[in-house]
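Reader: I would be grateful for a close look at a single residue of this model and at the surroundings in which it is placed. Please proceed from its direct contacts outward, and state every cut-off once.

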Amino acid sequence: MAGDVSGQDPAKADPLVKPKPVLKWAGGKSSLLPEVLARLPRSIDTYYEPFLGGAAVFFALAAERRFERAVLADKNPELINVYSVVQRHVELLIRELSTMQHDERTYYRVREEIPPGKIRRAARTIYLNRTGYNGLYRVNRSGVFNVPFGRYKNPKVCDEARLRAASQALQHAELHVADFEHATLQAGPGDAVYFDPPYAPSSPTANFTSYHREPFGSEEQRRLVGVFKSLSERGAFTLLSNADTAETRALYRGLVMDEVQVRRPINSRASGRGQVGELLVRSAPPRRTKRQPR
Ligand SMILES: C[S@@+](CC[C@H](N)C(=O)[O-])C[C@H]1O[C@@H](n2cnc3c(N)ncnc32)[C@H](O)[C@@H]1O
């Protein structure tokens with residue numbers, strides 16, 4: 001399919017390159033990943049990941065071919081635009097990224113301009129993510145991206161093999177800019193849902209702007225418990241990771257909870273980096289039940 005005008009050409013992906021995240025994302029799951037993967041069913045009809053972020057779990061499951069299809073969502077439109085362009089226009093995206101230079105002046109110029117067109121917008125997000133300070137995604141109250149230049153020697157702005165492998169993995173995925181509740185409405189028996197919500201802000205005045213303009217506070221955490229329970233009742237296998245706090249333990253009392261220690265490379269909480277306790281909450285042991293015909 002070389003020369004496809006849409007730029008869609010996932011056939012170019014190298015089968016030896018495993019799909020991996022194309023963005024660094026706060027709360028990225030690298031050290032918790034084995035624990036999460038071990039708890040998800042071996043074979044899933046539809047895999048739902050409604051707090052997608054860097055999509056570490058999705059890419060790992062795709063590498064192991066553990067689902068038939070996936071429904072992926074996040075509230076952040078720039079993030080979903082990146083995945084949708086990687087999915088459908090990976091060659092045009094690679095072409096765009098390979099023209100972008102790494103230096104401080106270019107960084108601030110790219111940061112100031114929001115280009116027209118989804119491909120250039122996706123390239124901008126990837127560029128800022130690869131070259132900005134700590135790979136943070138942070139916007140101010142007016143929604144303007146405000147992360148300073150990062151001091152990386154030689155960041156890989158355009159990792160062609162990784163982008164193509166990600167594109168291949170995304171061929172069986174539906175992508176939505178959506179709230180987690182809406183994104184999981186269709187899940188049922190045979191499906192699996194993994195929730196990786198943002199942590200609640202450490203204090204009501206904390207400048208918690210890492211992911212999105214609106215903080216994910218106690219009210220949202222409680223709404224998530226309701227969604228978690230109703231999905232489990234509908235027969236979907238449901239797994240959630242969250243900080244190991246008294247509040248989380250109280251919210252999920254009565255469900256299966258495992259305590260795990262992880263290293264967080266980017267930590268939005270005041271306590272900074274290092275070892276933190278996490279809880280993995282799940283609805284029930286993985287089911288083998290296949291979805292019944294409706
Ligand atoms: C902890 S991060 C997920 C990290 C991800 N698992 C990874 O591996 O990088 C949380 C994500 O939830 C998204 N988010 C915040 N509130 C949301 C909501 N109400 N519905 C859906 N997504 C939301 C944020 O934009 C952010 O990308």
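Author: Beyond its neighbours within four places in sequence, Phe 180 is in contact with Pro 50, Phe 51, Phe 195, Leu 224 and Val 227; two residues are in contact if their C-beta atoms, placed from the backbone, lie within 7 Å. The model is a predicted one, in which local features need pLDDT of at least 70 and side-chain atom pairs count only at pLDDT 80 or more, while totals for chains, interfaces and linings use all residues. Numbering starts from 1 along each chain, following the sequence as written.

Phe 180 belongs to helix H8, residues 180–183. Helices (H or I, at least four residues) and strands (E, at least two) are DSSP runs, numbered from the N terminus. With 24 C-beta neighbours inside 10 Å, Phe 180 counts as buried; the class requires 20 or more other C-beta atoms within 10 Å, exposed means 12 or fewer, and partly exposed lies in between, with C-beta atoms placed from the backbone. The C-alpha atoms of Phe 180 and Lys 75 are 7.9 Å apart, although 105 residues separate the pair in sequence. For the protein, of the contacts between residues at least 6 apart in sequence, 74% join residues at least 24 apart.

One contact of Phe 180 is Phe 195, and Phe 195 is touched by Phe 228 as well. Phe 228 lies in helix H9, residues 218–233, and is buried, with 25 other C-beta atoms within 10 Å. Besides Phe 195, it touches Thr 238 and Leu 240, when residues up to four places away in sequence are not counted. Phe 228 and Arg 282, 54 residues apart in sequence, have a C-alpha separation of 9.0 Å.

A second contact of Phe 180, Phe 51, leads to the ligand. There, 20 residues surround the ligand, the closest being Gly 27, Phe 51, Gly 53, Gly 54 and Asp 196; a residue is near a molecule or strand if its C-beta atom, placed from the backbone, lies within 6 Å of it. This shell divides into nine nonpolar, six polar and five charged residues. Ala, Val, Leu, Ile, Met, Phe, Trp, Tyr, Cys and Pro count as nonpolar, Asp, Glu, Lys and Arg as charged, and the others, Gly among them, as polar.

In the loop between E1 and H2 stands Ala 55, a residue other than glycine whose phi is positive, near 65°. Most residues other than glycine have a negative phi. Ala 55 is buried, with 30 C-beta neighbours inside 10 Å.

Seven of the eight residues of H2 are buried, so the helix is largely enclosed by the rest of the structure. The buried residues are Ala 56, Val 57, Phe 58, Phe 59, Ala 60, Leu 61 and Ala 62. Their cover includes helix H1 (33–39), strand E1 (44–49), strand E2 (67–74), H7 and strand E4 (192–195). Just after H2, Arg 65 has a positive phi of about 50°.

The largest nonpolar core contains 70 residues, and Leu 72, Val 86 and Leu 93 have the most contacts inside it. Such a core is a set of buried Ala, Val, Leu, Ile, Met, Phe, Trp, Tyr and Cys residues joined through C-beta atoms within 7 Å. Helix H2 (residues 56–63) contributes the largest share of this core, seven residues. Leu 93 is in contact with Val 85, Val 86, Ile 119, Ala 122, Ala 123 and Leu 163, its neighbours within four places in sequence set aside.

Val 86 and Leu 163 recur where two helices meet. The axes of helix H3 (residues 77–88) and helix H7 (residues 160–170) come within 7 Å and cross at roughly 90°. That makes H3 roughly perpendicular to H7. Axes are lines fitted to C-alpha atoms, for helices over the stretch in contact, with angles of 0 to 180 degrees between N-to-C directions; under 35 degrees is roughly parallel, over 145 roughly antiparallel, 65 to 115 roughly perpendicular and the rest oblique. H3 contributes Tyr 83, Val 86 and Gln 87 to the contact, and H7 contributes Leu 163, Ala 166, Ser 167 and Leu 170. These residues divide into five nonpolar, two polar and no charged.

For the wider setting, the protein has 10 helices and seven strands, and 40% of its 294 residues are buried.
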